[in-house]
Amino acid sequence: MKRVGIKDVAAAAGVSATTVSHILNAVEGKRINPETRRSVLQAAEQLGYQPNKLARGLRLSRSSTVGFLSDEIATTPHAGQIIRGAQEAAAERGLLLLMLNTGGDRDLEHKEIALLLQHRVDGILYASMYHRVVEVPEPLHSVPTVLLDARSHDPAFSSVVPDEEQGGHTATRELLAHGHRRIGFVTNSDDIPASRGRLAGYRAALSEAGIDFDAGLVVADRSDAPGGYRAARTLLAAPNRPTALFCFTDRMAMGAYRAAAELGLVVPRDLSVIGFDNQELISENLFPALTTVALPHYEMGARAIAQLQAVIEAPEPAAGPRSQEMLHCPLVTRDSVAPPPRL
């Protein structure tokens, strides 16, 4: 079948090809009669006109492709929503997403960046498996780049990250709303933005409730089930134990469940537990199901694409700091939180 072109649309609408081009390409500053515009758009629809993206890309020096370069996101099931959010947002904008996973190998990362640049991608999402401060590879300074679930000390790079402090505040406030006053925080021993932010949110919520911060109620360990078990055992074995635990991750909460069970405590009758991440394989399959704070993975992927498009389409590199966007972490209510027991 013959491809329908601008000249075919022009003939059907009874106008010049130049007029059709101005209308279909939404050229600004052209005064076109509304009736002519409607006639051209109707003719294009009836003829099944499809724009030639290759030709348009050559005119704009764009490829309509963007890279998604991650460390380990592609291999982590709970973060797959980041990829889906980015893919769907890219598709809505007519962009093709090229995904590459480095596995944390710096040599491989440099090779994959070179590959993306060889394919003349319009921009790159530089994504991290968890919220951290990254050193952006030098080659990414030459192409529009947005950091996803990561930040840089270099203000030239836009970023999209979860609002860790708000998430910690939300979790602690949920426990306070159920009447808990002695709340333990089972946290991560790594000094990363998530650890600092969630602790800040925990402290802020306690302060708002008129409760003094007690450093003895905060125990740090590895951010996994064994680490959560050890930290929870320390807190729950104390003479004046907490009646609720806010856990840094759902995996740490899983360890806290085990610690509680070994001490004869029933969740949530004797101990309320709230997690963070909303890893559904864990949170929905613990018994009772775990109340948790969700990381907005899908929204982060989608917003990062929106930010990247804005950087790509900017008429010239922006002066000063770029956008540093923090996304809300919503509470997911299940069955692990109840009023405190009478001790």
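**Exercise 1. Determine whether His-169 is buried or exposed in this predicted model, and which distant residues it touches.**

Solution. The relative accessible area of His-169 is 13%. Buried means under 20%, so His-169 counts as buried. As for its location, His-169 belongs to helix α7, residues 164-177. Leaving aside residues up to four places away in sequence, His-169 touches Gly-201, Tyr-202, Ala-204, Ala-205 and Glu-208. The model is a predicted one.

**Exercise 2. Establish whether Ala-338 is buried or exposed, and which residues it touches.**

Solution. Begin with the location: Ala-338 lies in the segment after β12 (331-332). Its relative accessibility is 17%, and Ala-338 therefore counts as buried. Next, consider the contacts. With residues up to four places away in sequence not counted, Ala-338 touches His-178, His-180, Pro-268 and Ser-272. For one of these, His-180, the separation from Ala-338 is 158 residues in sequence, while the C-alpha to C-alpha distance is 9.0 Å.

**Exercise 3. Describe how helices α1 and α2 pack, and classify the residues of their contact.**

Solution. Two packed helices are described by the angle between their axes and the distance between the axes. For α1 (residues 6-13) and α2 (residues 17-24), the angle is about 105° and the axes are 8 Å apart. Angles of 65 to 115 degrees count as roughly perpendicular, so α1 and α2 are roughly perpendicular to each other. On the α1 side, the contact is made by Ile-6, Lys-7, Val-9 and Ala-10. On the α2 side, Ala-17, Val-20 and Ser-21 take part. By class, the residues of this contact comprise five nonpolar, one polar and one charged.

**Exercise 4. Compare the expected span of helix α10 with the distance between its end C-alpha atoms, and list its buried residues.**

Solution. Helix α10 covers residues 250-262, which makes 13 residues. The expected span is 1.5 Å times one less than the number of residues; for α10 this gives 18 Å. The end C-alpha atoms of α10 are 19 Å apart, which agrees with the expected span. The buried residues of α10 are Asp-250, Met-252, Ala-253, Gly-255, Ala-256, Tyr-257, Ala-259 and Ala-260. After α10 comes Gly-264, which has a positive phi near 80°.

**Exercise 5. Show how strand β8 is covered and how it pairs with β6 and β9.**

Solution. Consider the two faces of β8 (residues 244-247) in turn. Ala-244 and Phe-246 lie on one side, and Leu-245 and Cys-247 on the other. These residues are all buried, so both faces are covered. Next, consider the pairing. Strand β6 (residues 183-188) pairs with β8 in the parallel sense over four bridges, and Gly-184 stands opposite Leu-245 of β8. Strand β9 (residues 272-277) also pairs with β8 in the parallel sense, over three bridges. There, Phe-246 has Ile-274 of β9 as its bridge partner.

**Exercise 6. Give the strand order of the six-stranded open sheet, and identify its edge strands.**

Solution. The order is β2-β1-β3-β4-β5-β11, and the pairing is parallel. The edge strands are β2 (96-101) and β11 (324-327), each of which pairs on one side only. From one strand to the next, the twist averages 20°. Within the sheet, β1 (residues 65-70) and β3 (residues 123-133) run parallel and are joined by five bridges. Phe-68 has Leu-125 of β3 as its bridge partner.

Key: Residues numbered from 1 in each chain as written. Predicted model: local features only at pLDDT ≥ 70, side-chain atom pairs only at ≥ 80, totals over all residues. Heavy atoms only, no water. Buried < 20%, exposed > 50% of the residue type's maximum accessible area, 1.4 Å probe, protein only. Contact = heavy atoms within 4.5 Å. Axes fitted to C-alpha atoms, helices over the stretch in contact; angles between N-to-C directions. Parallel < 35°, antiparallel > 145°, perpendicular 65-115°, else oblique. Nonpolar A, V, L, I, M, F, W, Y, C, P; charged D, E, K, R; others polar. Pairing = 2+ DSSP bridges.
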